[in-house]
Amino acid sequence: MHDIRGKMHRKENTMSYNEKKVTIEMGGGLAPIELSTGKLAKQADGSVVLKQGSTMLLATVVSSKEPKTGVDFLPLSVDYQEKYAATGRIPGGFLRREARLSDYEVLISRLIDRALRPLFPETYHADTQVMVSLISADKEIMPDALAGLAASAAIAVSDIPFNGPISEVRVAKIDGELVINPTVSALEKASLEFIVAGSAQDIVMVEGEAKEISEEEMVEAIAFAHEAIKKQVAGQIELANLVGSTEKRDFNHEPSNPELKDAVYAATYAQVYEVAKSRSSKHDRTERFAEIGKAFFETLGEEIDEDTAFLMKKYYHDVQYDAVRNLVLDEGIRLDGRDVRTVRPIWSEVDYLPAAHGSAIFTRGETQSLTSVTLGAKDDEQMIDGAFFHGYNKFILHYNFPGFSTGEVRPNRGPGRREVGHGNLAMRSLKQVLPTEDNPYTIRVVSDILESNGSSSMATVCAGTLALMDAGVKLAAPVSGIAMGLITDEKTGKYAILSDILGDEDHLGDMDFKVTGTSKGIVGCQMDLKINGLKWEVLTQALDQAKEARLHILGEMAKTISGPREDYKPHAPRIIQILIDKEFIGAVIGPGGKIIQEMQRETGATISIEEVDNKGVVQIFADNKEAIDAALARIKAIVAKPEIGETYEGKVKSIMPFGAFVEIMPGKDGLLHISEIDWKRLETMDAVFKEGDMVTVKLLDVDKQGKMKLSRKALLPRPPKEDKPKEG
């Protein structure tokens with residue numbers, strides 16, 4: 001039996017697979033990137049394993065052979081997931097298994113999606129699923145910067161139509177030098193950090209944060225990243241050639257009817273153009289557009305097939321697309337009548353919510369955010385339990401986008417990927433100006449979008465800044481944000497950069513570029529391109545125009561509140577932070593937490609303590625000064641060091657035949673010897689003290705073992721010496 005099993009085992013080990021590999025040398029001290037296919041997940045349309053150091057990503061793609069009916073878009077889903085085993089960890093929670101995607105995984109999924117989606121053919125409508133899994137991790141190599149490369153490589157080795165490959169890299173400036181995909185530890189010193197995605201020819205996506213950098217620095221960083229992207233794209237092409245997957249599947253997913261298209265344009269274009277030019281409100285414009293489409297639809301008769309109805313709606317959408325874009329390019333007029341540089345009217349208000357620790361309303365045109373700030377203690381920190389990152393976060397920003405903000409009926413089912421992404425952009429922007437040293441609070445910012453027609457994430461940045469200053473948080477500088485758009489005409493070469501885009505301009509435009517910053521420089525950005533070939537001069541112009549708009553908005557915000565309040569609100573909780581010697585941490589906590597729990601119960605304050613750099617950091621949190629003072633006094637008493645020669649009011653803890661042990665400080669007992677109780681000689685301790693008596697003593701000495709010698713008689717007047725009798 002043993003021999004049979006051995007033969008079976010040898011047979012299984014010699015099963016063949018046709019693995020192909022390429023290696024991409026990145027230079028700059030980076031480990032080479034290895035792309036391989038043909039070994040894992042061979043039933044997927046495309047699968048690739050990316051390996052760099054100990055980090056390994058498995059990327060797969062599957063696309064249906066048949067198109068999804070009744071749609072004129074690509075039904076693409078992208079999921080990035082980190083396996084806990086990749087870092088040698090077991091998931092938390094009751095089930096102890098990977099659950100729904102964390103916010104961090106959702107953000108990486110969005111980075112991949114936003115880079116891939118524009119490169120699929122516009123007429124390709126098959127259900128497509130991309131999955132990227134972290135299956136092994138190097139603690140110093142961040143996988144998010146490699147996930148886009150792995151996903152694109154999986155598509156490259158498949159027969160799925162794709163106008164790529166693309167890749168993504170992280171670019172950072174560390175000690176004044178631009179670096180590609182820096183290590184986790186090196187990234188802590190970065191003054192800018194962007195994820196940049198692109199093809200060999202063009203940039204398609206940028207997202208990141210910075211410490212008040214100039215527009216020139218940002219363009220330089222993106223261009224530097226593009227050179228690294230080109231190397232990774234070349235590696236994917238080499239792998240695809242090895243596999244022989246350059247032939248892509250045929251598809252014909254979109255029916256056409258040129259006669260119907262001409263009829264739709266002839267009947268509706270002029271009317272749509274006039275409505276676009278009418279400067280009407282969003283809802284009025286939407287209703288008038290719908291009426292024009294409905295009127296033409298009725299001319300087709302009652303008996304029309306499904307394809308005709310689908311095409312009519314598609315062609316009418318194309319009419320709106322062309323009319324709005326031509327209005328901007330030919331006349332410089334936008335849907336609400338503005339020129340390309342004007343920002344919509346702004347009004348704001350702070351201290352709107354009387355019970356919140358800070359609050360603000362920010363309204364720009366038809367976009368409105370009501371934002372609140374809550375100040376909490378260390379116990380309120382957010383726990384991060386991911387496979388790659390785990391720890392605690394003391395700055396939280398949540399963004400909510402209910403259906404009524406756009407006049408829609410939509411069930412509330414928790415935040416979607418869009419809400420997570422927009423909230424993250426606002427969080428990263430505001431994080432750059434938070435106080436780093438003098439901020440003991442856990443801070444939660446919540447932005448509720450009440451109206452939306454244009455960038456609500458940028459409204460969140462502005463409202464968040466106002467609310468934080470209203471709460472008395474000492475921001476380094478106010479931050480504002482602006483969403484820029486782009487409309488181009490490839491035939492004529494015309495283009496228009498739009499400041500403060502409307503929702504329709506976002507949908508119908510070629511670029512969505514959000515920039516946040518202070519008066520000194522850029523702190524955050526998010527850019528998505530829907531076209532090929534963004535020229536560097538256009539990007540530079542867009543950044544300059546964004547700066548102009550950003551400064552204008554900062555000026556409007558300053559009319560409401562120009563800087564942080566001098567103090568927190570009267571009802572806001574207060575935190576005092578003190579440092580104690582490491583040796584006293586246990587004394588403050590007590591056995592099983594007895595001492596600290598007793599202090600919290602009796603004072604009403606919340607007390608937290610942790611060891612940092614061989615010191616105990618103690619935070620006392622309460623909503624009134626009396627509770628803080630009481631807790632502070634008790635902690636100071638615990639950590640105070642007895643001084644020789646000082647007088648103390650102590651409590652008798654125990655009585656021995658040779659004296660009494662007296663507690664002069666919490667947890668600090670000294671011996672009051674029977675000979676030090678009184679000037680007169682005591683033969684016994686009987687009836688001298690009882691346990692619990694208070695006695696005033698002086699600390700005479702502390703020996704090498706820390707034992708304290710106390711005296712009561714040293715505080716009593718010395719009796720006069722008796723005269724000796726004379727001899728007769």
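This briefing walks through two nonpolar cores, one small sheet region and a buried serine. The structure is a predicted model. Its largest nonpolar core has 139 residues, and an open sheet of 3 strands is described after the cores.

**Nonpolar cores**
- Within the largest core, the residues with the most contacts are L35, F194, M218, I443 and F513.
- Leaving aside residues up to four places away in sequence, F194 touches V169, R170, V171, V206, E207, G208, E209, A210, I213, M218, A221 and C525.
- Another core lies apart from the largest one and has 22 residues, among them I292, L311, M312 and Y316.

**The open sheet**
- Its 3 strands run in the order β22-β24-β23, and their pairing is antiparallel.
- β22 (574–581) and β23 (606–612) are the edge strands; each has a single partner strand, so one side of each has no neighbour in the sheet.
- On average, neighbouring strands here are turned by 20° against each other, direction ignored.
- β23 and β24 (residues 615–622) pair in the antiparallel sense over 7 bridges.
- If you would like a pair to look for, I607 has I620 in β24 as its bridge partner.

**S167 and its surroundings**
- You will find S167 in strand β7 (residues 167–174).
- S167 counts as buried because its relative accessibility is 0%, where buried means under 20%.
- The side chain of S167 makes a polar contact with the side chain of Q232, at 2.3 Å.
- Q232 is also one of the residues that S167 touches, along with L149, V196, A197, G198, I229, V233 and Q236, not counting residues up to four places away in sequence.

Terms used. Residues are numbered from 1 along each chain as its sequence is written. This is a predicted model: local features need pLDDT of at least 70, side-chain atom pairs count only at pLDDT 80 or more; totals for chains, interfaces and linings use all residues. Side-chain values use heavy atoms; hydrogens and water are left out. A nonpolar core is a set of buried Ala, Val, Leu, Ile, Met, Phe, Trp, Tyr and Cys residues joined through side-chain atoms within 4.5 Å. Buried means under 20% relative accessible area, exposed over 50%, partly exposed in between (1.4 Å probe, protein chains only). Contact means heavy atoms within 4.5 Å. Two strands pair if DSSP finds at least two bridges between them. Helices (H or I, at least four residues) and strands (E, at least two) are DSSP runs, numbered from the N terminus. Axes are lines fitted to C-alpha atoms, for helices over the stretch in contact, and angles run from 0 to 180 degrees between N-to-C directions. A polar contact is a pair of N or O atoms within 3.5 Å; within protein, one must be able to donate a hydrogen and the other to accept it, and residues adjacent in sequence count only if both atoms are side-chain atoms.
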